[in-house]
Amino acid sequence: MKKLHVRDIILIALIAIIFGFIYLASDGLYNALTALLTPIGYGMLANDIMMGIWCMAGPLAGFLVRIPGSAFLGEFLGSCVELIAGEQWGAVNLISGAVQGLGSELGFTFTSYRRYDWFTLFLSATTTTIVTYLYDFIKNGYSYFSTFNMILYFVVRWISMLLFTCVLVKLIVNLLEKAHVIQTNQN
Amino acid sequence: MNPGLKLFLILIISLEISLVPNLGANLIIIGACLIYLLFKHINLKKLFLLFIIPLFAASVVFITIYYFTPSRSLYQACVLFTRIYAYVFLGAAFTETTSFLALARSLEQNFKLPSKFAYGTLAAFNVIPKIHAEVNRIRLVGDMRHYHLSFYSPALYFKAILSAVSWSNSLADGMISHGYREDKERSVIVPIALTKKDWLIFSSIIVLLQPILFLLK
């Protein structure tokens, strides 16, 4: 089995950092959505709407560095950035980062790291949705919701994952393939 | 306390309070972290921010659980409200008292983390200001061509990843040319101690936490 080398680790960490900076651009939208949805009781839904954006580094790292563990690292190192930046949430976000990373990685594991196409991204988006939802179910009180809301939150999160970690990641991967970045990186 | 062990302690406590809803335990953890931070002479402005920053997120959770769930339980809403504060105070108890370099060294020396992870990640994190500038530059170039690049634009990620690939190659070449070998034994410049006292503090806190979490009502 191929192992991660220092070059791969640096690349994955850089991707995690870059995505972290780009996510910052979506913070305004997140706050606005939360403020808008809170009066009607769906403030926490903003989290699920945005979840796909925060989970893009994992599948992209998994696609770019085709070695077991890279999707997990892509997500997990993203949460390390906050720790290093001295963010107060930093240490605790490592757990969320690990949970998201595990979800991302599972999609690649289920295809035995052999398929790199739409199906793998779809699978990874779905496993990330399930794993992160289960974590929020316990941690963020989703278990107190009505059955309808439990399903609604799950479906919204799934759609967000499909849009960002599947469609948008595939569009980025297509550009990278056209530029021969993915092949050159394999050498 | 040893940085690596402190991180594991914070993570274990966070994970436990995520799984067990207990208002008393959350408040005790917040109080303990507050005392620890004051003992470590945290700047008052930072302390004030620790109360303000989580207020928005915690209030949203409180409102949703208290007003918009079938049980409308005040207790559960308070648990989730204080849980967010407990996370932030636990996080601050770590980040305000530990440097990342010390943590990386501790994880490598005391917890057998392969050096390629410690140094690979450190190498990438040292170019964070350059990455920030690069992402801003790409967006600015887009704006100059009346082509706004946002978090949903594949082109923004594509261009940033191209830079990342080139930097990762340069950084790795730089490390190798300075004599770094990823699977070889390394000498230690700054030793990080992991003493019996560290283990004693770690295990005492973990043992103390269990009755608070499971018996305190």
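This report describes a predicted model with chains A and B, starting with chain A and then turning to the contact and some single residues.

Local features need pLDDT of at least 70, side-chain atom pairs count only at pLDDT 80 or more, and totals for chains, interfaces and linings use all residues. Residues are numbered from 1 along each chain as its sequence is written, chains are lettered from A and ligands numbered from 1 in the order in which they are written, and side-chain values use heavy atoms, with hydrogens and water left out.

## Chain A

Chain A has nine helices and zero strands. Helices (H or I, at least four residues) and strands (E, at least two) are DSSP runs, numbered from the N terminus. The C-alpha trace of chain A spans about 55 × 35 × 25 Å along its principal axes.

How does the radius of gyration of chain A agree with that of a compact globule? A compact globule of 187 residues would have a value near 16 Å, and chain A has 16 Å, which agrees. The radius is taken over C-alpha atoms, and the globule rule is 2.2 Å times the number of residues to the power 0.38.

Of the 187 residues of chain A, 58% count as buried. Buried means under 20% relative accessible area, exposed means over 50%, and partly exposed lies in between (1.4 Å probe, protein chains only). Take the contacts in chain A between residues at least 6 apart in sequence: 70% of them join residues at least 24 apart. Contact means heavy atoms within 4.5 Å.

## Where the chains meet

Chain A gives 62 residues to the contact, and chain B gives 70 residues. The size of an interface is often given as the accessible area lost when the parts come together. Here the buried area between chain A and chain B is about 5,800 Å². Carbon and sulfur atoms give 81% of that area. Buried area is the accessible area (1.4 Å probe) that two parts lose on being put together, summed over both.

How many salt bridges does the rule find across the interface of chain A and chain B? The rule finds one. A salt bridge is a side-chain nitrogen of Lys or Arg within 4 Å of a carboxyl oxygen of Asp or Glu. The partners are A:R7 and B:D173, at 3.0 Å from N to O.

The rule also finds eight residue pairs in polar contact across this interface, both residues at pLDDT 80 or more. A polar contact is a pair of N or O atoms within 3.5 Å; within protein, one must be able to donate a hydrogen and the other to accept it, and residues adjacent in sequence count only if both atoms are side-chain atoms.

Several elements give two or more residues to the side of chain A that touches chain B, including α1 (6–24), α7 (118–139) and α8 (147–178). The largest share comes from α1(A), with 12 residues. By class, this side of chain A has 46 nonpolar, 12 polar and four charged residues. Ala, Val, Leu, Ile, Met, Phe, Trp, Tyr, Cys and Pro count as nonpolar, Asp, Glu, Lys and Arg as charged, and the others, Gly among them, as polar.

## Salt bridges within the chains

Over all chains, the count comes to seven salt bridges. The table lists some that lie within one chain.

| Pair | Closest N and O atoms | Apart in sequence |
|---|---|---|
| A:E177 and A:R66 | 3.9 Å | 111 residues |
| A:R157 and A:D136 | 2.5 Å | 21 residues |
| B:E96 and B:K46 | 3.2 Å | 50 residues |

A:R157 is in helix α8 and A:D136 is in helix α7 of chain A. A:R157 counts as buried, at 0% relative accessibility. A:D136 counts as buried too, at 5%. Both belong to a network of salt bridges with A:D48.

A:E177 is partly exposed, at 27%, and so is A:R66, at 22%.

## Single residues

B:N2 sits in the segment before α1 (3–19) of chain B. Is B:N2 buried or exposed? B:N2 counts as buried, at 2% relative accessibility. A polar atom of its side chain lies 3.0 Å from the backbone nitrogen of B:G4. Leaving aside neighbours within four places in sequence, B:N2 is in contact with residues including B:S106, B:F111 and B:D198.

Most residues other than glycine have a negative phi. A:Y113 is not a glycine, yet has a positive phi of about 55°. A:Y113 lies in the loop between α6 and α7 of chain A. B:R72 is not a glycine either, and has a positive phi of about 45°. B:R72 lies in the loop between α4 (55–68) and α5 (74–95) of chain B.
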